Amino acid sequence: MLRALCSALLALALLVPQAAPAAGLELVSGEQPGRVEYAYFPAGRTHLARPPVGAVVSWDRNTGLAEARLLLDGAEVARWTSGSAFVWRPSRDLARGRHDVVLEVTLQGHSPLRIQWSFQRVDPPSRPAARDVTDDVLPAVNRFRAAAGLPPMSAADGLARAAVHHAAYLAARRDIRGLDAHTEQPGHPGFTGATVGERAYAFGWTGYRPNEGVVLSSRALDPAAALQNLIDTVYHRIPFQVAGATDLGAGLQDGRFVVMVGQPAGGAASPGGPEASTAAAPGGPAGAPPPGHHTGFPRPLFYTSSRPRERQKNRT
């Protein structure tokens, strides 16, 4: 009992928010309807020659979309008059190097919003030794969700590839502990993206609020046991309890287990719903934003888990 309590308390200490990828958001003119949130992709870099490019945008459900336009390197490549997930898939390979993106969203009765960002197209990483264990953990996750009356999760290729590569990165750097397990350092072998979001989007996943669970212990030798270790801890199970989070991918190598979950772009069909609420920011809960205030999508929760004894020893 005491051992379980210590594990839960230490898990809580490791549950911290991390900032979503930065983006430029410009209010062109006029007032906008309440809170507008967005998640764009790719964020930072992409390993794909033809990556999906776009964003999921959430706004007041009482306001309709007039038009959305996507510009890549100054040229318009797509236009929409409905929906809230604006994703363009190129028909030819993008040039290597930097690409600049502008998504201009015009809501009915309001002036356009401009979401601006850039990304780098880089060569894909070499094939990792880690294996994809998504199919090994999906049954247990879906039994857990079914018991809670939640829809099942399904395999997402982009998240699976990101999880596999991150597991390989962690396996190559055995000194990594605690919250450092959720970041990667440029220049190190196997680097695919600094943050969870960058890694998810780098492999073509389209959605928002990606979350990552990492188990660094002997329990991670078996994917089912590693997953159960997360579900058995109160705060680590939270991402598996989000109704809209139906995408999952998992990777494993040498006692380094990584599972990633997220809400697919198609789940944003009802802008402004409960899942669009802003998460608490460091220092206290986020208050209601003033009219015309715009933020990136809420900071995702990143979490890690290991044996209580190891966690105590490795705390910093």
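In the predicted model, strands β9 (residues 97-107) and β10 are paired in the antiparallel sense through nine bridges. Within this pairing, D100 stands opposite S118 of β10. The two strands form a hairpin with five residues between them, and G109, located in the turn, has a positive phi of about 80°.

Strand β10 spans residues 113-121 and has two distinct faces. The covered face comprises L113, I115, W117, F119 and R121, whereas R114, Q116, S118 and Q120 make up the uncovered face. In a regular strand, side chains alternate between the two faces of the sheet. S118, the residue opposite D100, thus belongs to the uncovered face of β10.

Strand β10 also pairs with β4 (residues 44-46). Here the strands run parallel and are joined by three bridges. T46 of β4 has R121 as its bridge partner in β10, and R121 is part of the covered face of that strand.

Two loop residues were examined together with their spatial neighbourhood. L94 is found in the loop between β8 (85-88) and β9. The relative accessible area of L94 is 9%, and because values under 20% count as buried, L94 is assigned to the buried class. L94 and R121 are separated by 27 residues in sequence, while their C-alpha atoms are 7.5 Å apart in space. The second residue, L48, lies in the loop between β4 and β5 (53-58). With a relative accessible area of 17%, L48 is also below the 20% cut-off and is therefore buried. L48 and R96 are 48 residues apart in sequence, with a C-alpha to C-alpha distance of 9.9 Å.

Two surface patches were also identified. A negative patch is formed by D132, D135, D136 and D222. Of these residues, D136 lies in helix α2, which covers residues 134-147. The relative accessible area of D136 is 43%; this value falls between the 20% and 50% limits, so D136 is partly exposed. A nonpolar patch of about 230 Å² is made by V234, Y235 and I238. I238 is located in the loop between α5 (223-231) and β14 (247-253). I238 has a relative accessible area of 31% and is therefore likewise classed as partly exposed. Patch membership requires a relative accessible area of over 30%, and the value of 31% for I238 meets this condition.

Methods:
Residues numbered from 1 in each chain as written. Predicted model: local features only at pLDDT ≥ 70, side-chain atom pairs only at ≥ 80, totals over all residues. Heavy atoms only, no water. Buried < 20%, exposed > 50% of the residue type's maximum accessible area, 1.4 Å probe, protein only. Helix = DSSP H or I, 4+ residues; strand = E, 2+ residues; numbered from the N terminus. Pairing = 2+ DSSP bridges. Patch = residues over 30% accessible without salt bridge, like charges linked within 9 Å, V, L, I, M, F, W, Y side chains within 5 Å. Areas by Shrake-Rupley, 256 points an atom, 1.4 Å probe, with all protein chains shown as cover. Salt bridge = Lys/Arg side-chain N within 4 Å of Asp/Glu carboxyl O. Lys, Arg positive; Asp, Glu negative; His and termini not counted. Charge placed at Lys NZ, Arg CZ, Asp CG, Glu CD.
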